[in-house]
Amino acid sequence: MSIPTPAVQDRSKRIISIDVARGFALLAMASYHFTWDLEFFGYTDPGLTAFGWWKFYARCIASTFLFLVGVSLFLAHGKQIRWSGFWKRFAMVAGAALAISAATRLATPDSFIFFGILHEIALASLLGLTFLRLPALLTLVVAAFVITAPLYLRSEIFDHPALWWVGLSATNPRSNDYVPLFPWFGAVLTGIATAKLASASGLLARLAGLTPGRWTNPLVFIGRHSLAFYLIHQPVLIGSIWLFSQVMPAPVETRQVTFLKECQTSCEQSRDTEFCSSYCVCMLDTLEGEATLDRLYRNDQAAEWKAHLDELAGACTAKADSTLMEGGAQ
């Protein structure tokens with residue numbers, strides 16, 4: 001998760017409401033990251049933030065940021081592209097994205113951020129310039145295509161790591177923040193089209209005339225310094241939880257227990273608890289019998305390993321279904 005470029009015209013014409021919206025989104029992002037950090041340090045169940053309501057919450061936050069990127073891009077460059085300002089902001093965001101990749105590569109090499117939301121913002125801002133002069137309706141049509149493309153255009157052709165940024169690989173790679181071009185560029189295009197329509201209808205002019213109350217000042221401040229907030233907040237949160245863990249450490253769990261909890265959480269998104277318990281125990285027993293549990297956690301992307309996991313999943317699914325049927329017949 002991350003933040004959009006904050007540019008919107010010059011300061012005298014800045015639409016405060018957009019800064020407030022961005023500020024709310026930043027606080028929501030911080031709350032999600034705080035929960036993710038608690039999970040990382042072992043204070044919550046494994047997989048808590050990867051499924052269910054938390055996953056939906058994260059996607060809403062990312063969509064909001066990218067939507068605001070599109071709105072801000074139109075407000076800043078809709079009438080005329082200000083190249084000096086654009087390249088300055090682009091360099092800042094792209095530089096921050098590269099710094100995050102480098103830092104997470106060192107901290108969490110098995111799930112480092114190779115194309116997170118900052119990477120997406122940088123690329124989307126560049127590609128979004130080509131849509132500033134196009135009709136809003138056409139932009140919305142393209143947005144719909146980009147958003148839905150992963151539903152029917154996924155292919156093993158995109159499984160090579162050099163193409164993971166596209167977002168159309170058959171299996172999503174492991175990363176702590178994965179925001180590829182498809183479908184997320186669609187949110188930026190939606191923001192551009194919405195800003196165009198709002199400008200044509202006079203809504204932007206009305207928003208510019210609004211003066212929010214003083215209670216919004218903190219939101220406006222972080223909304224105008226969103227990149228700085230993003231870069232600073234996570235080290236502060238992680239550092240705080242680490243200090244707390246030195247006083248009250250989280251319970252230590254074995255990798256087997258962690259696997260069962262993660263598997264159960266994931267499985268219960270589509271099947272019932274009884275089935276998932278049987279299925280996950282089967283998967284764990286098989287992986288341990290093969291001595292390949294470590295290989296699973298290394299996020300091995302080899303085609304033969306993926307095919308083997310699919311075979312194991314199919315066999316354990318059949319076994320779990322059979323066990324439930326036998327139990328129901330008794």
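This report describes a predicted model of a protein, taking its confidence, a salt-bridge network, a buried helix, two polar side chains and a surface patch in turn.

## Confidence of the model

The structure is a predicted model, and the mean pLDDT of the protein is 90, with 95% of its residues reaching 70 or more. Residues 4–12 depart from this, since the pLDDT over that stretch is below 50. Beyond near neighbours in sequence, residues 4–12 nevertheless have 28 contacts in the model, and any reading of those contacts should keep the pLDDT below 50 in view.

## A salt-bridge network around Asp19

Six salt bridges are found when the whole structure is searched, and a network of such bridges links Arg14, Asp19, Arg22 and Arg224. Side chains of opposite charge can pair when their charged atoms come close. Asp19 pairs with Arg14 through side chains that meet at 2.8 Å, N to O, and with Arg22 at 3.2 Å, again N to O. Arg22 and Asp19 are three residues apart in helix 1, so about one helical turn separates them.

The bridge between Arg224 and Asp19, whose closest N and O atoms are 3.1 Å apart, joins distant parts of the chain, because Arg224 belongs to helix 8 (residues 217–224) and Asp19 to helix 1, 205 residues away. As for exposure, Asp19 is buried with a relative accessible area of 0%, and Arg22 is likewise buried at 0%. Arg14 also counts as buried, at 13% relative accessibility, whereas Arg224 counts as partly exposed, at 26%.

## Helix 4 and its surroundings

Helix 4 (residues 117–128) is largely enclosed by the rest of the structure, because nine of its 12 residues are buried. The buried residues are Ile117, Leu118, His119, Glu120, Ile121, Ala122, Ala124, Ser125 and Gly128, a list that includes charged and polar side chains such as Glu120 and Ser125. The cover over these buried residues includes helix 2 (52–77), helix 3 (83–107), helix 6 (181–201) and helix 9 (226–247).

His119, which has its place in helix 4, counts as buried at 10% relative accessibility. The side chain of His119 makes a polar contact with the side chain of Ser101, at 2.8 Å. Leaving aside neighbours within four places in sequence, His119 is in contact with Ala97, Leu98, Ser101, Ile113 and Phe114, so that Ser101 appears both as a polar partner and among the contacts of His119.

## Thr35 in helix 1

Thr35 lies in helix 1 (residues 16–40) and is buried, with a relative accessible area of 11%. A polar atom of the Thr35 side chain lies 3.0 Å from the backbone oxygen of Ser31. When residues up to four places away in sequence are not counted, Thr35 touches Leu48, Thr49 and Trp54.

## A nonpolar patch on the surface

On the surface, Leu134, Leu137, Leu138 and Val141 form a nonpolar patch, and together these residues have about 360 Å² of accessible area. One of them, Leu138, lies in helix 5 (residues 136–152) and is partly exposed, with a relative accessible area of 41%. Leu138 at 41% can be set beside the buried Thr35 at 11% and the buried His119 at 10%.

Note on methods: Residues are numbered from 1 along each chain as its sequence is written. This is a predicted model: local features need pLDDT of at least 70, side-chain atom pairs count only at pLDDT 80 or more; totals for chains, interfaces and linings use all residues. Side-chain values use heavy atoms; hydrogens and water are left out. pLDDT is the predictor's confidence in each residue, from 0 to 100. Contact means heavy atoms within 4.5 Å. Helices (H or I, at least four residues) and strands (E, at least two) are DSSP runs, numbered from the N terminus. Buried means under 20% relative accessible area, exposed over 50%, partly exposed in between (1.4 Å probe, protein chains only). A polar contact is a pair of N or O atoms within 3.5 Å; within protein, one must be able to donate a hydrogen and the other to accept it, and residues adjacent in sequence count only if both atoms are side-chain atoms. Patches are made of residues with over 30% relative accessible area and no salt bridge: like charges are joined within 9 Å, nonpolar side chains (Val, Leu, Ile, Met, Phe, Trp, Tyr) within 5 Å. Accessible areas come from the Shrake-Rupley method with a 1.4 Å probe; for residues, only the protein chains shown count as cover. A salt bridge is a side-chain nitrogen of Lys or Arg within 4 Å of a carboxyl oxygen of Asp or Glu.
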